[in-house]
Amino acid sequence: MDIRELRYFAAVYRERNLTAAAKRCFISQPSISAAITNLEAELGTTLFIRHKKGMAPTESAAQFHGIARKIIDEADAARNLFRKPATKQALTLGLLRTLDQARTIALLKPLTGNADLALRLVGAGQKADARIVARTMIAPGEHFIPLWSERYVAALPPSHPLTLKETLRTSDFAGVPMIDRCHCEQQEFFKRTAPPRKPVAIAESEEWAMALVAAGVGVAIVPEGVARGNPDVAVRAIDVDVTRQVGLAYPSAHPSSDALKAFIASLPRQASSRRTSSRKMKRASPSSPRPGP
């Protein structure tokens, strides 16, 4: 095995999908598939179960992942040990506080791995070269590159009675203790479309909101990425058709820096965002409440 095969394995383990892993590693899907097959043959074990929706890691993969990740990190550390100091390019990014952590980490990883780049992260409202924000937060004179769209869902304590339903209606939240979030850009919309709210707490961060839900304090309406992967909360769809589009906003009034240009070039674009939006609008009934632009 070589370090490239370990990197490919780590990418497939993270993405659970060959196509997504190949894009992350900038190689073809057959190449990454062949690398996984070679690695399985060398280790003498099956690392992934192939199915229609992607790649499911086996127990062997879970055991091997920690070892592979350590080897990759040590190899990167060794490579950076003797790099000569260079004049670093600076890049300041403003981040929306309610971003999907997994997606955000995937975007920032190439930047943090660039030894020639000085990365600085600030809040979405602070001065920055570019901002990763919701489309509704674009300022005048900013370009916007769509990165992903996500719906809003209900995060509930696992034993909550509403978990017995697959999809929740706004009427289901009547009288239900709710956890409001300080940084929810759709908060006013939900106040208009839902029955009278019964807020029992206001969370200042996404982690705190999920902790309060897990503790049984109440229910929170959150972007799907906030609740995804949290084993301590139950997630249910809501019948209010609300999604948000997240992307990179940057000023169009002055030329971008080389660092920003390189970052933009590396971004995974949201495919066919306009066609997807159009299809959603056609499927929605005339009476369906819609979010702001």
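This is a short tour of one protein, moving from the whole chain to a pair of helices and then to a single residue.

Begin with everything selected, and keep in mind that this is a predicted model. In a cartoon view, the secondary structure of the protein comes to ten helices and twelve strands. The protein has 293 residues, of which 40% are buried, and its exposed surface is about 16500 Å², with carbon and sulfur atoms supplying 54% of that area. Among the contacts in the protein with a separation of 6 or more, 71% are between residues 24 or more positions apart.

Next, select residues 3–15, which form helix H1, together with residues 18–25, which form helix H2; the two pack at an angle of about 130 degrees, and their axes are 8 Å apart. Angles of 65 to 115 degrees count as roughly perpendicular and those over 145 as roughly antiparallel, and H1 and H2 are therefore oblique to each other. Their crossing is right-handed. To see where the helices meet, show the side chains of Arg7, Tyr8, Ala11, Val12, Arg14 and Glu15 in H1, which face Leu18, Ala20, Ala21, Arg24 and Cys25 in H2 across the contact. Sorted by class, this contact of H1 with H2 has seven nonpolar and four charged residues, but no polar ones.

Finally, select Thr58, which lies in the loop between strand S2 (54–57) and helix H4 (59–81). Is Thr58 buried or exposed? Its relative accessible area is 17%, and because buried means under 20%, Thr58 is buried. Leaving aside neighbours within four places in sequence, you can add Thr46, Leu47, Phe48 and Ile49 to the selection, since Thr58 is in contact with these residues.

Notes. Residues are numbered from 1 along each chain as its sequence is written. This is a predicted model: local features need pLDDT of at least 70, side-chain atom pairs count only at pLDDT 80 or more; totals for chains, interfaces and linings use all residues. Side-chain values use heavy atoms; hydrogens and water are left out. Axes are lines fitted to C-alpha atoms, for helices over the stretch in contact, and angles run from 0 to 180 degrees between N-to-C directions. Helices (H or I, at least four residues) and strands (E, at least two) are DSSP runs, numbered from the N terminus. Angles under 35 degrees count as roughly parallel, over 145 as roughly antiparallel, 65 to 115 as roughly perpendicular and the rest as oblique. A crossing is left-handed if the near helix is turned anticlockwise from the far one by less than a right angle, and right-handed if clockwise. Contact means heavy atoms within 4.5 Å. Ala, Val, Leu, Ile, Met, Phe, Trp, Tyr, Cys and Pro count as nonpolar, Asp, Glu, Lys and Arg as charged, and the others, Gly among them, as polar. Buried means under 20% relative accessible area, exposed over 50%, partly exposed in between (1.4 Å probe, protein chains only). Accessible areas come from the Shrake-Rupley method with a 1.4 Å probe; for residues, only the protein chains shown count as cover.
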